[in-house]
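Please open the structure in your viewer and keep the sequence panel visible. The tour below proceeds by selection, one stop after another.

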Amino acid sequence: MTYPLESLTAHPPNLYPGYRSTVKRAPSRPLVIIPQTLSELTGPVFGHDSLREHDNDLTRQHAGEPLGERIIVSGRVLDENGRPVPNTLVEIWQANAAGRYIHVNDQHPAPLDPNFTGAGRCLTDAEGRYAFTTIKPGSYPWRNHPNAWRPAHIHFSLFGPSFLTRLVTQMYFPGDPLLPYDPMWNSVPDERARLRMMSSFDLETTVPEWALGYRFDIVLRGRDATPMEDPHHD
Ligand SMILES: [Fe+2]
């Protein structure tokens, strides 16, 4: 398979020394491409029944409401020709409003929120649309380099027709002052591609008296592809 030049600069390289953990995990030898066989293509996939009622509303998964700024994140999943990709499982995970994850590795001194898990999922509809109600994640420190802080972001995972066709990216917020300092943001070589990881504020999907709307379209391939990364958590 050959890729157009644009796709080479649209995605972050596996090895980007500024993002420290890539030094350890990036492969040092050329990748071996394993063709998909019938067992991958017919393997387990997610169906509608595995989704529960509040899976796409992260503010209603507990007895009380989470603290923070309520937001609605919506958009479309599109292929390289702008065609909608329906029935695709979109999963998100994120920190709470204080910038803390419920994860044993996250011990930075910000409070956990008993009413916020920070994980959600939904299936795209016939028009490729998805929507999540959540709260705006906070920035958090990480130990990549001295005084390193991640810009506010939401992790996205998309499953294609099999478990092997998973794509992972991060959505950022417009105007975040931390973006120019973030090695993950900067690891995407093409600046225009970087901007495709940024959501836009959207008055149209803002619900009066309730929640701000942000739009984030995800393009799977081609000239306008959303930069995709290896699955990881940081
Ligand atoms: Fe994160």
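Select S199 first. In this predicted model, S199 is buried, because its relative accessible area is 2% and the cut-off for a buried residue is under 20%. The residue belongs to the loop that runs between helix 5 (191-195) and strand 9 (200-201). Display its side chain, which reaches the backbone oxygen of Y172 at 2.7 Å. Leaving aside residues up to four places away in sequence, S199 touches M171, Y172, F173, P174, Y214, R215 and F216.

Two of those neighbours, F173 and Y214, return later in the tour with the aromatic rings.

**Strand 1 and its partners**

Next, select strand 1 (70-78). Is this strand enclosed or open to its surroundings? Eight of its nine residues are buried, so strand 1 is largely enclosed by the rest of the structure.

Add strand 4 (residues 129-135) to the selection. Strands 1 and 4 run antiparallel and are joined by seven bridges. To see the register, label G75, which stands opposite Y130 in strand 4.

Now bring in strand 10 (residues 212-215). Here the pairing with strand 1 is in the parallel sense, over four bridges, and I71 stands opposite L212 of strand 10. Strand 11 (residues 218-219) also pairs with strand 1 in the parallel sense, over two bridges. Label L78 and V219 to find a bridge between them, V219 being the partner in strand 11.

**The aromatic rings**

Display the side chains of the aromatic residues. How many aromatic pairs does the structure hold? There are nine. A pair of aromatic rings is described by the distance of the centres and the angle of the planes.

Begin with F132 and F156, whose ring centres are 6.5 Å apart and whose planes meet at 85°, so the pair is edge-to-face. F132 lies in strand 4 and F156 in strand 7 (residues 153-159), so their pairing ties together parts 24 residues apart in sequence. Both positions are shielded: F132 is buried at 1% relative accessibility, and F156 is buried at 0%.

Continue to F173 and Y214, another edge-to-face pair, with 5.1 Å from centre to centre and 90° between the planes. This pair links distant parts of the chain, 41 residues apart: F173 is in the loop between strand 8 (166-172) and helix 4 (183-186), while Y214 is in strand 10. F173 counts as buried at 2% relative accessibility, and Y214 counts as buried at 8%. Both residues are among the contacts of S199, the starting point of the tour.

Then select Y130, F132, F156 and F216 together; these residues form one aromatic cluster. Y130 is the residue opposite G75 in the pairing of strands 1 and 4, and F216 is one of the residues touched by S199.

**Charges over rings**

Keep F173 on display and add K136. The charged end of K136 sits over the ring of F173, 5.0 Å from its centre. For a second example, select R150 and W142: R150 lies over the face of W142, at 5.6 Å from the ring centre.

**Two asparagines with positive phi**

Most residues other than glycine have a negative phi, and most peptide bonds are trans. Against that background, select N87, where phi is positive, near 60°. N87 is placed in the loop between strand 1 and strand 2 (89-93), and N87 is partly exposed, with a relative accessible area of 47%.

Select N147 for the other case, where phi is also positive, at about 60°. The loop that holds N147 runs between strand 5 (140-142) and strand 6 (148-150). Is N147 buried or exposed? Its relative accessibility is 68%, so N147 counts as exposed.

**The whole chain**

Finally, clear the selection and display the entire protein chain. Its secondary structure comes to five helices and 11 strands. Of the 234 residues, 44% are buried. Among contacts between residues at least 6 apart in sequence, 69% join residues at least 24 apart. In surface view, the chain exposes about 13200 Å², of which carbon and sulfur atoms supply 57%.

Note on methods
Residues numbered from 1 in each chain as written. Predicted model: local features only at pLDDT ≥ 70, side-chain atom pairs only at ≥ 80, totals over all residues. Heavy atoms only, no water. Buried < 20%, exposed > 50% of the residue type's maximum accessible area, 1.4 Å probe, protein only. Polar contact = N/O pair within 3.5 Å; in protein donor to acceptor, adjacent residues only side chain to side chain. Contact = heavy atoms within 4.5 Å. Phe/Tyr/Trp six-rings, centres within 6.5 Å; stacked < 30°, edge-to-face > 60°. Lys NZ or Arg CZ within 6 Å of the ring centre and 35° of its normal. Areas by Shrake-Rupley, 256 points an atom, 1.4 Å probe, with all protein chains shown as cover. Pairing = 2+ DSSP bridges.
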